[in-house]
Amino acid sequence: MTLETLAPADADADAFDDAVLDALAAEEYVFKVWGGDWCGDCQRQLPEFGAALAAAGVPDDRIEAFPVTKGPDGKEGELVAEYGIELIPTVVVESPEGEELARFVEEAEVSIAEYLAERLADAEATA
């Protein structure tokens, strides 16, 4: 099963703020993305996030997509229980060592890319 909604939307790199792209591209972050192609929030948000990752030059080997299905007891899929995934889309950003640095859950007042960029900038400032 794949996560088709993470495929980059048609977006020009100029459509994204340079600070956002720089924050996403900094370090060797690993982006773990849980979502479902059936999910309206995912359909609305993940294509733009995929485009932002592409515009930032984040290589595919640092983007891990985890398709989620609806089960009788909630969300089901790879690493759902281990990461406590209850709402989607959820994006977890980890350091190369596996330390969680930022987490986006379902929705915010800004895009996924902007939300994570703010948190990653804060993490860098306090490191």
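Q: Which residues form one aromatic cluster in this predicted model?
A: The cluster is formed by Y29, F31 and F49. A search of the whole structure finds five aromatic pairs.

Q: Why is the pair of W34 and F66 called stacked?
A: The ring centres of W34 and F66 are 4.8 Å apart, with 20° between the planes. Centres within 6.5 Å make a pair, and planes under 30 degrees apart count as stacked, so both conditions are met.

Q: What makes this pair a tie between parts of the chain?
A: W34 belongs to strand β1 (residues 30-35) and F66 to strand β2 (residues 63-67), so the pair ties together parts that are 32 residues apart in sequence. Both W34 and F66 are buried.

Q: Why is the pair of W34 and Y83 called tilted?
A: The planes of W34 and Y83 stand at 45°, with the centres 4.9 Å apart. Stacked needs under 30 degrees and edge-to-face over 60, so this pair is tilted. Y83 lies in helix α3 (residues 80-83), so the pair ties strand β1 to a part 49 residues away in sequence.

Q: How do you know that W34 and Y83 are buried or exposed?
A: Buried means under 20% relative accessible area. W34 has 0% and Y83 has 18%, so each counts as buried.

Q: Why are C39 and C42 not called a disulfide?
A: The sulfur of C42 is 3.3 Å from that of C39. A disulfide needs the sulfur atoms within 2.5 Å, so C39 and C42 do not qualify. The structure holds zero disulfides.

Notes: Residues are numbered from 1 along each chain as its sequence is written. This is a predicted model: local features need pLDDT of at least 70, side-chain atom pairs count only at pLDDT 80 or more; totals for chains, interfaces and linings use all residues. Side-chain values use heavy atoms; hydrogens and water are left out. Rings of Phe, Tyr and Trp (its six-membered ring) pair if their centres lie within 6.5 Å; planes under 30 degrees apart count as stacked, over 60 as edge-to-face and the rest as tilted. Helices (H or I, at least four residues) and strands (E, at least two) are DSSP runs, numbered from the N terminus. Buried means under 20% relative accessible area, exposed over 50%, partly exposed in between (1.4 Å probe, protein chains only).
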